[in-house]
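Me: Could you go through this one with me? I'll start with a side chain and then move on to the sheet and the core.
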Amino acid sequence: MPKSENTFSSWRCRLVQRAVHAGWAWLQRTGSVTAERPGRFRFGAMGTGTRLAFPLGTVFGEPWIHLGAHCIIGEQVTLTAGLMPDLDLGAEPILRIGDGVVLGRGSHVIADTTVTIGSDCYVGPYVYVTSTNHSYDDPDEPIGKQWPRMDPVSIGPGCWIGTGAVILPGARIGRNVVVAAGAVVRGVVPDRCVVAGAPAKVVRRWDAVEGWQPPLRTPAPVPIPSGVTPEQLLALAELEAEGMGETA
């Protein structure tokens, strides 16, 4: 009899688990925000194919937020324009995100003044981008009560921002820049380079004659030949898996 009870209990747990997973998947689909299903949000612009994943992070000032097409905004991503909700920020957008941008889970983009993220940027999880920093000019006044400093931020197209990076007010990042995980970026970063550290420094640059300097330590990946279909790639993967099984 105990064995029968355990079997019933296990079956019931599996049933509940499936129901929970199905319910959560339904919530994720239904709670996501798109141009066709914006819910309560009224973004200044939102391109075709862009989606904010559920559960959402903090979002306010959306009339001054312009999102390009085919962007992926991960779960718990914060997007804000202005110091607080319900402010009139004028006619121009404050936060501009280009086409094809990916913002990883838990990232924050805080645009109290202009923040621009160029097209085809890939931002890892838990990245913090802000145009505002606390000031501490008065040593006797609590820092949180002192008026903050603001400086526009721009991130050029084609950049890769690693996990946990911090982009500080006034940062001007060029195009096709790699920002290493955990880097703290301020000031001007030139095109086609790699920055790392806190504060971030250029650790690799692209030279039109000599290529990457210092040279890359790993060979470049071999691109997929033109004309190869997804079905052919799948068949090739299956053949490689069979070959590995035979050698094992």
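Me: Which side chain does the side chain of Glu75 make a polar contact with?
Reply: This is a predicted model, and in it the side chain of Glu75 makes a polar contact with the side chain of Gln28, at 3.0 Å.

Me: Where is Glu75 found, and is it buried or exposed?
Reply: Glu75 is found in the loop between strand E6 (72-73) and E7, and it counts as buried because its relative accessible area is 16%, with the cut-off for buried set at under 20%.

Me: What else is Glu75 in contact with?
Reply: Leaving aside neighbours within four places in sequence, Glu75 is in contact with Ala53, Phe54, Pro55, Arg105 and Gly106 as well as Gln28.

Me: Switching to E6, how does strand E3 pair with it?
Reply: Strand E3, residues 51-52, pairs with E6 in the parallel sense over two bridges, and Leu52 stands opposite Ile73 in E6.

Me: What sheet are E3 and E6 in, and which strands stand at the edges?
Reply: They belong to an open sheet of ten strands with mixed pairing, in the order E1-E3-E6-E9-E12-E17-E20-E23-E24-E25. Strand E1 (33-34) and strand E25 (211-213) stand at the edges, each with a single partner strand, so one side of each has no neighbour in the sheet.

Me: And the largest nonpolar core, which residues have the most contacts inside it?
Reply: Those are Leu79 and Leu103, in a core of 42 residues. Strands that each supply at least two residues of this core include E7 (78-81), E10 (108-111) and E23 (193-196).

Me: What does Leu103 touch?
Reply: Not counting residues up to four places away in sequence, Leu103 touches Ile72, Ile73, Gly74, Val77, Leu79, Ile97, Val109, Ile117 and Val123.

Conventions:
Residues numbered from 1 in each chain as written. Predicted model: local features only at pLDDT ≥ 70, side-chain atom pairs only at ≥ 80, totals over all residues. Heavy atoms only, no water. Core = buried A, V, L, I, M, F, W, Y, C linked by side-chain atoms within 4.5 Å. Buried < 20%, exposed > 50% of the residue type's maximum accessible area, 1.4 Å probe, protein only. Helix = DSSP H or I, 4+ residues; strand = E, 2+ residues; numbered from the N terminus. Contact = heavy atoms within 4.5 Å. Polar contact = N/O pair within 3.5 Å; in protein donor to acceptor, adjacent residues only side chain to side chain. Pairing = 2+ DSSP bridges.
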